[in-house]
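Colleague: I am about to look at this structure for the first time, and I would like to go through it with you step by step. Could you show it to me, so that I can ask about its charged pairs and one of its helices?

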Amino acid sequence: MAKISSSFAPRFAEFAFEPGFVAAVDQHVAEVRERLGGGSAGLVPRAPRREELADYALGFLDALGEIDWREPVGHDFAVCRLTAISWLVTRHDLLG
């Protein structure tokens with residue numbers, strides 16, 4: 001997760017001038033939380049478990065490697081998903 005965070009956290013700066021990117025990343029955050037069972041009865045979702053998010057991130061990176069994905073200039077599905085993972089790591093301080 002550290003590699004993803006160091007690579008994609010700089011994209012947070014794009015949030016200030018790319019509202020479509022913000023919306024896409026927000027949707028990816030929600031989808032990742034859902035996949036990890038992060039639903040909660042309250043309005044504030046629980047923090048993802050570090051190990052679960054790490055396993056998910058590694059699996060996602062493996063899948064990208066299988067298709068020989070390269071980071072594009074813009075925002076494709078993978079960029080949005082990786083930025084969402086990075087946001088979750090940063091928001092919940094999962095590297096520390």
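Colleague: Before we go further, is R49 buried, partly exposed or exposed?

Modeller: Please keep in mind that this is a predicted model, and that a residue is called buried under 20% relative accessible area and exposed over 50%, with partly exposed in between. R49 has a relative accessibility of 46%, and therefore R49 counts as partly exposed.

Colleague: Which residue forms a salt bridge with R49?

Modeller: A search of the whole structure finds six salt bridges, and one of them involves R49, with the closest N and O atoms 3.6 Å apart. The partner has a relative accessible area of 28%, so this residue, E52, is partly exposed. The residue that forms the salt bridge with R49 is E52.

Colleague: How many residues apart in sequence are the parts that E71 and R11 tie together?

Modeller: E71 and R11 form a salt bridge whose closest N and O atoms are 2.7 Å apart. E71 lies in the loop between α3 and α4, whereas R11 lies in the loop between α1 and α2, so the parts that this pair ties together are separated in sequence by 60 residues.

Colleague: Of that pair, is R11 buried or exposed?

Modeller: E71 has a relative accessibility of 42% and so counts as partly exposed. For R11 the value is 8%, which is why R11 counts as buried.

Colleague: Is R70, which forms a salt bridge with D68, buried or exposed?

Modeller: The closest N and O atoms of D68 and R70 are 2.9 Å apart, and D68, with a relative accessible area of 49%, is partly exposed. The relative accessibility of R70 is 62%, and therefore R70 counts as exposed.

Colleague: Turning to α4, how far apart are its end C-alpha atoms?

Modeller: At 1.5 Å a residue, the 15 residues of α4 should span 21 Å, and the model agrees with this expectation, because the end C-alpha atoms of α4 are separated by 21 Å.

Colleague: Against which helices do the buried residues of α4 pack?

Modeller: Eleven of the 15 residues of α4 are buried, so that this helix is mostly covered, and among the buried ones are V79, L82, I85 and L88. The buried residues of α4 pack against α1, α2 and α3.

Colleague: Which residue caps the N-terminal end of α4?

Modeller: At that end, a side-chain oxygen of the capping residue lies 3.3 Å from the backbone nitrogen of A78. The residue that caps α4 in this way is D76.

Methods
Residues are numbered from 1 along each chain as its sequence is written. This is a predicted model: local features need pLDDT of at least 70, side-chain atom pairs count only at pLDDT 80 or more; totals for chains, interfaces and linings use all residues. Side-chain values use heavy atoms; hydrogens and water are left out. A salt bridge is a side-chain nitrogen of Lys or Arg within 4 Å of a carboxyl oxygen of Asp or Glu. Helices (H or I, at least four residues) and strands (E, at least two) are DSSP runs, numbered from the N terminus. Buried means under 20% relative accessible area, exposed over 50%, partly exposed in between (1.4 Å probe, protein chains only). The expected span of a helix is 1.5 Å times one less than its number of residues. Contact means heavy atoms within 4.5 Å. A polar contact is a pair of N or O atoms within 3.5 Å; within protein, one must be able to donate a hydrogen and the other to accept it, and residues adjacent in sequence count only if both atoms are side-chain atoms.
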